[in-house]
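Hi everyone, thanks for making time for this one. I'd like to walk you through a structure by following its side chains and seeing who sits next to whom. Please have the viewer open.

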Amino acid sequence: MKPLKPSATGAISAKAMKMRDQGIHVYNFAAGDPVLANHPVIIEAAQAALGMSPYAPIAGLTELRKSAADWMNRRYGSQYEIDQTVVTCGGKFGIYAALQVLLEEGDEVLIAAPYWVSYPEMVRLAHATPVVIQTHEPSGWKLTPQDIRSHLTKRSRVLILNNACNPTGVLYSREEVKELLKVAFENDVIVISDEVYSEIVYDGAEFVSCATFPEYRSKVIIIESCSKNFGMAGWRVGFAFGPQEIIANLIALQSQSTTGTSFISQKAALAAIRHADEVTAYVRNAMDKRRKVFFETYNHLFAAAVQPVSSGIYYFFKVGGDSIAACEEILAKAHVALVPGIAFGVEGYARFAFSESEEEIAQGLRRLKII
């Protein structure tokens, strides 16, 4: 068996839960799970679906696929049809499945660091090679067209683009997205665009989907999810949108693996999508309150004032030196769980998820102050 690295966020969360089982109060800011009651329309739909649990269609419920495509088209100016849409067991499986379908042994996948912790390992599971492109805090942690060009080889097959970004909260402008797509398209590189935080954007900032540009859509796969945008992490419902032939292969892969997504979860997701504006506003407003508490408290407690992130539910900040050792010390001494930056491909940093309650965030930051 090949040695596989477990998810860093899952590993830290497991340590935090073990401490909690021992009666220790742990401030767990490792997992990116919006700690928020499901919107009532989600609960009502799930309750109505109870009493029967058939296999759902492998590609997803027809009405959910259509509603998801309509939502993308309305919100982000795409033109997806139902046969360009598949329901997946969360956005994570959508990315995994896309890589399995697209890659052959020896292919290369471009990934900007800091990256979501699972990208490199999912590439390796497809027998391909992750090619990490380092970005830097002084330049806003942003990938540039020149970064892509300088890392291209004849084996470059896929670029994974994460906008809005986990862990940095970076949000790319319309022109920046277009330029990244242009260089990928010109070099026959398919873009897997991870857009699972598309609705968690603050202060009137614009989220620009890679699906917005019809001239590049033949080389783009969009990954969306109910986990963050609709506050439904445990329901495990995601979506992939893309060229019909690629989506057909994703459906075939699902038929031989997951058999699709839970019927009840899909019914709950259908209600969320049909009330998308209301549900996403409910989640975004709750996360925005927590974001404000985090940054106001952080700037009050610590000397270096920082600016609030534009999107997402994380802050990526310096801890110095060995980030694993730093996070282990913080967990042991302050009982605060963070994810070390090296898990995102950047040493000396840690990720703080401000998705817990406002009181928990404020108290957790005060605990950090004692280190």
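Let's start at F295, which touches V306, Q307, P308, V309, Y315 and F354, leaving aside residues up to four places away in sequence. Before I go on, please keep in mind that this is a predicted model. F295 has its place in helix α10. Is F295 buried or exposed? It counts as buried, because its relative accessibility is 3%, and the cut-off for buried is under 20%. If you want one more distance for F295, take I361: the two are 66 residues apart in sequence, and their C-alpha atoms are 10.0 Å apart in space.

F295 also belongs to a cluster of rings. Ring pairs link F29, F294, F295, Y298, F302, Y315, F317, F352 and F354. Over the whole model, the count of aromatic pairs comes to 25. Let me show you two of them, both with Y298. In the pair of Y298 and Y315, the ring centres are 5.5 Å apart and the planes are at 70°, so this pair is edge-to-face. Y298 lies in helix α10 and Y315 in strand β9, residues 314-318, so the pair ties together parts that are 17 residues apart in sequence. Both Y298 and Y315 are buried. Now turn to Y298 and F317, also an edge-to-face pair, with 6.2 Å from centre to centre and 70° between the planes. Here the link runs from Y298 in helix α10 to F317 in strand β9, 19 residues apart. F317 is buried, as is Y298.

Let's zoom out to the core. In soluble globular proteins, nonpolar side chains tend to be buried together. In this model, the largest nonpolar core has 135 residues, and L99 and L338 are those with the most contacts inside it. Which helix gives the most to this core? That is helix α10, residues 276-301, with 10 residues. As for L338, its contacts beyond four places in sequence are I12, F29, A30, F317, C327, I330, A350, R351, F352 and L368. You'll recognise some names there: F29, F317 and F352 are among the members of the ring cluster.

Next, a strand. Strand β8, residues 238-241, is covered on both faces: G238 and A240 are buried on one side, F239 and F241 on the other. It has partners, too. Strand β2, residues 85-88, pairs with β8 in the antiparallel sense over four bridges, and T85 stands opposite F241. Strand β7, residues 220-225, also pairs with β8 in the antiparallel sense over four bridges, and there S225 has G238 as its bridge partner.

On to the charges. Side chains of opposite charge can pair when their charged atoms come close. The count of salt bridges here comes to 16, and I've picked three.

The one I'd look at before the others is R291 with D203, at 3.0 Å from N to O. This pair links distant parts of the chain: R291 is in helix α10, D203 in the loop between β6 (190-194) and β7, and they are 88 residues apart. How do the two ends compare in accessibility? R291 counts as buried because its relative accessibility is 2%, whereas D203 is exposed because its relative accessible area is 64%.

The second is E121 with R124, whose closest N and O atoms are 3.0 Å apart. They are three residues apart in helix α5, residues 119-125, so about one helical turn separates them. E121 counts as buried at 14% relative accessibility, while R124 counts as partly exposed at 38%.

The third is E329 with K333, where the closest N and O atoms are 2.8 Å apart. Both lie in helix α11, residues 323-334, four residues apart, about one turn of the helix. E329 is partly exposed at 36% relative accessibility, and K333 is exposed at 52%. Elsewhere, salt bridges that share partners join D203, D288, R291 and K292 into one network.

One last stop, for a charge and a ring: the charged end of K142 sits over the ring of Y172, 5.6 Å from the ring centre. That's my tour, and I'm happy to take questions.

Key
Residues numbered from 1 in each chain as written. Predicted model: local features only at pLDDT ≥ 70, side-chain atom pairs only at ≥ 80, totals over all residues. Heavy atoms only, no water. Core = buried A, V, L, I, M, F, W, Y, C linked by side-chain atoms within 4.5 Å. Buried < 20%, exposed > 50% of the residue type's maximum accessible area, 1.4 Å probe, protein only. Helix = DSSP H or I, 4+ residues; strand = E, 2+ residues; numbered from the N terminus. Contact = heavy atoms within 4.5 Å. Pairing = 2+ DSSP bridges. Salt bridge = Lys/Arg side-chain N within 4 Å of Asp/Glu carboxyl O. Phe/Tyr/Trp six-rings, centres within 6.5 Å; stacked < 30°, edge-to-face > 60°. Lys NZ or Arg CZ within 6 Å of the ring centre and 35° of its normal.
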